[in-house]
Amino acid sequence: MSTHCLISILEQGHQHRRGFARTLLERYGYRVLTAEDGEQAIRLFGEHQREIGAVLLDIVMPRQNGRQVFDQIRALCPDVKVLFLSGYTADILTVNDIVG
């Protein structure tokens with residue numbers, strides 16, 4: 001079983017959330033890779049996909065949103081577990097075509 005988790009969380013002005021998630025996961029024995037935007041998340045996943053057992057994505061991120069990152073990660077590894085996080089309401093996410 002993999003003990004790596006990729007985290008890509010960045011809400012402008014709230015970078016501390018990524019650090020908090022990293023600290024929490026490391027306390028439970030995960031080795032954590034962090035990405036500052038969607039493009040970096042995809043690149044890191046491609047480089048470490050055999051080691052990554054779970055991905056934690058913010059829905060709204062710079063360069064590529066969580067849904068776009070999810071689609072590309074799933075194309076590389078259909079079985080990877082992905083958890084989405086958001087401070088936005090479902091109607092905003094649906095209107096902006098981020099969730100289907």
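Here is a walk through the structure above, from its overall layout to its core, its helices and a few individual side-chain pairs.

Keep in mind as you go that this is a predicted model. Start with the big picture: the protein has 4 helices and 4 strands, and if you read along the sequence they come in the pattern β-α-β-α-β-α-β-α. There are 100 residues in the protein, and 35% of them count as buried. The exposed surface comes to about 6300 Å², with carbon and sulfur atoms supplying 51% of that. As for how the chain meets itself, take the contacts between residues at least 6 apart in sequence: 68% of these join residues at least 24 apart.

Now head inside. The largest nonpolar core has 14 residues, and the ones with the most contacts inside it are Phe45, Ile52, Val55, Leu57, Val69, Ile73 and Val80. Where do the residues of this core come from? At least two each are supplied by β2 (31-35), α2 (38-48), β3 (52-58) and α3. Helix α2 gives the largest share, 4 residues.

That makes α2 a good next stop. Its buried residues are Gly38, Ala41, Ile42, Leu44 and Phe45. Around the helix axis they cover an arc of only 165°, which puts them on the same side of α2. Phe45 is worth a second look, since you have already met this residue among those with the most contacts inside the core. While you're here, check the N-terminal end of α2, which is capped by Asp37: a side-chain oxygen of this residue sits 3.1 Å from the backbone nitrogen of Glu39.

Move along to α3, which spans residues 66-76. Here the buried residues are Gly66, Val69, Phe70 and Ile73. Look down the axis of α3 and they fall within an arc of 100°, so they line one face of the helix. Val69 and Ile73 also appear in the list of residues with the most contacts inside the core. And what covers the buried residues of α3? The cover includes α2, β3 and β4 (81-85).

Next, the charged pairs. The structure holds 2 salt bridges. One of them belongs to α3: Arg67 pairs with Asp71, their closest N and O atoms being 3.4 Å apart. Both residues lie in that helix, 4 residues apart, about one turn. Neither end is buried, because Arg67 has a relative accessible area of 32% and Asp71 comes in at 41%, and buried would mean under 20%.

The other pair is Arg22 and Glu26, where the closest N and O atoms are 3.0 Å apart. These two are 4 residues apart in helix α1 (residues 16-27), so about one helical turn separates them. Arg22 is partly exposed at 30% relative accessible area, and Glu26 is partly exposed too, at 38%.

Finally, stay in helix α1 for Gly19. This glycine is partly exposed, with a relative accessible area of 34%. How far apart are Gly19 and Thr34 in sequence and in space? They are 15 residues apart along the chain, and their C-alpha atoms are 8.7 Å apart.

Notes:
Residues numbered from 1 in each chain as written. Predicted model: local features only at pLDDT ≥ 70, side-chain atom pairs only at ≥ 80, totals over all residues. Heavy atoms only, no water. Salt bridge = Lys/Arg side-chain N within 4 Å of Asp/Glu carboxyl O. Buried < 20%, exposed > 50% of the residue type's maximum accessible area, 1.4 Å probe, protein only. Core = buried A, V, L, I, M, F, W, Y, C linked by side-chain atoms within 4.5 Å. Arc of directions from axis to C-beta. Polar contact = N/O pair within 3.5 Å; in protein donor to acceptor, adjacent residues only side chain to side chain. Contact = heavy atoms within 4.5 Å. Areas by Shrake-Rupley, 256 points an atom, 1.4 Å probe, with all protein chains shown as cover.
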